[in-house]
Structures are given as structure tokens and as C-alpha cells.
Amino acid sequence: MLSLQQDSTTPPDVAQQVSANFDVEFQNKSHLISLHFIQLCVTVSGDATLLMREMLKIFVKEAALRSLRQAEAEDCNQVEIEHFEKILPQLLLDF
Amino acid sequence: VSDDEQQGGLKAAVHYTVGCMCRELGEEHRREFSRQTVAAIAETAFRECDIFAKDLEAFARHAKRSTVSAEDVKLLARRSAALYKHIQNKSEELAREQRDSRKRKSRDTEEESRE
């Protein structure tokens, strides 16, 4: 995927894997984005919505993968919230 | 539907999707995500979306447009080189697809008019 983190050895095809679930949610996504606009006089083009979907998907995937890696490093079988807490600051800086 | 209700529904949708993605990734790596972790990732994604939306709005406004375009999203991804490249490729791909489908459509209408 993206080499946002230098030590991340994510398989290159991860970004291409489109989960069907996100397609279901896609209809909601444009609402999701427009919901947050301060003033609703701004509209979003179709392209932009699709790209935003991609961005959010990458964000979630990065969060999950980095937490996984942290859990792996600590030799835990379950990814706990502590692992996510540890990777959160860098994740937020990267986006 | 009130704003709060809508927000709750969207949050649930995000939570569900994050749950599915985490399960998938967990299976690949033979690890499990705790429910708390999934909830935390979902909440972070939701708030990040809030930041993204505000940025996009500001970008569009700065360009004196009232529509958020693909260019604005590219600008949003500028901070990380890899992400920027990926979004750029995706955007080009989308543009190509649209051009192709438009060509196909115009060809179809041409054939129809010939018939």
C-alpha cells in the first residue's frame, strides 16, 4: 500500500482491494462529508466523493495495520486499544 | 430526519464498515481486533472526516468555487508524498473511466441514429 510509515511492509495490492461493504456505505459517504460542512452552500462533485472514500479507506486501513503491527511487536494475539493508542499520534500526523 | 439521528446513522455505518475491514485484516494476519479497538478506530475516522470536510470546504472557498472538486481532495492529501501519488493516480483513473464511458455513450447514440 502506501509507504506512509517507513517500516510498514504492507502488501502492494491492499489499497486495490475494494471491500463490498464500503460500496454499500458509499451512498452514505457523500452525506457523511456534507454533514460536516459548516455552511451547506458547498456541494461535492462525484469525483471528489469517490476520492474521499478512497482517502478514508486508506486511513482506516493504516490505523488497523499499524495497530496490528504494534500487537505483533508485543507478541499479543488480540489487538487491544493500547496498541491503537500507541500508533495514534503518528497516524494523525501522517494525515 | 433530524441532524442528530442522521449523524447517529452515519456513525453506525462507519462503525460497521470499520468492523468488517478490521475482521478481514485480522484474518489475514491471524490476529483479532478487540471491540474497543474497532470502536476507537471508527470514532477516529469519523472525526478525521470532520477535519477533512472543513479543509475541503476552505479549499473550495479559497478557489472561489462552491463545489468541492477532485483538485481539492488532492490538495488535502499533499502532506504525505505516497498518499498524494496514490490519490493522483486514482483521480487520473477516474477521469479515464469517465472519458471512456462518455465515448461509449456517444458511439451508442451514433449507432442508434444510423439505425
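In which helix of chain A is A:S67 found? In this predicted model, A:S67 belongs to helix α2 of chain A, which spans residues 46-73. The relative accessible area of A:S67 is 0%, and because buried status requires a value under 20%, A:S67 counts as buried. With its neighbours within four places in sequence left aside, A:S67 is in contact with four residues of its own chain, namely A:V79, A:H83, A:F84 and A:I87. The contacts of A:S67 also include B:F33 and B:I41 of chain B.

Two of these contact partners recur in the pairing of strands between the chains. Strand β2 of chain A, residues 78-79, is joined to β1(B) by 2 bridges, and the two strands run parallel. Within this pairing, A:V79 stands opposite B:F33 of β1(B). Both A:V79 and B:F33 are in contact with A:S67.

Chain A as a whole contains 3 helices and 2 strands, arranged along the sequence in the pattern α-β-α-β-α. The chain has 95 residues, of which 49% count as buried. Of the contacts in chain A between residues at least 6 apart in sequence, 55% connect residues at least 24 apart.

The interface of chain B and chain A involves 53 residues of chain B in contact with 56 residues of chain A. Between them the two chains bury about 5200 Å², and carbon and sulfur atoms account for 71% of that area. On the side of chain B, the residues that lose the most area to chain A are B:M21, B:R31 and B:E57; together these contribute 12% of what that side buries.

Polar interactions across the interface were also counted. The rule finds 2 salt bridges between chain B and chain A. A salt bridge is formed by the side chains of A:E54 and B:K90, with an N to O distance of 3.8 Å. Residue pairs in polar contact between the two chains, both residues being at pLDDT 80 or more, number 10.

The side of chain B that touches chain A draws two or more residues from each of α1 (3-28), β1 (32-33), α2 (35-62), β2 (67-68), α3 (70-76) and α4 (81-114) of chain B. The most is given by α2(B), with 16 residues. By residue class, this side of chain B comprises 27 nonpolar, 15 polar and 11 charged residues.

Definitions and conventions. Residues numbered from 1 in each chain as written. Chains lettered and ligands numbered in written order. Predicted model: local features only at pLDDT ≥ 70, side-chain atom pairs only at ≥ 80, totals over all residues. Heavy atoms only, no water. Contact = heavy atoms within 4.5 Å. Buried area = accessible area lost by both parts, 1.4 Å probe. Salt bridge = Lys/Arg side-chain N within 4 Å of Asp/Glu carboxyl O. Polar contact = N/O pair within 3.5 Å; in protein donor to acceptor, adjacent residues only side chain to side chain. Helix = DSSP H or I, 4+ residues; strand = E, 2+ residues; numbered from the N terminus. Nonpolar A, V, L, I, M, F, W, Y, C, P; charged D, E, K, R; others polar. Pairing = 2+ DSSP bridges. Buried < 20%, exposed > 50% of the residue type's maximum accessible area, 1.4 Å probe, protein only.
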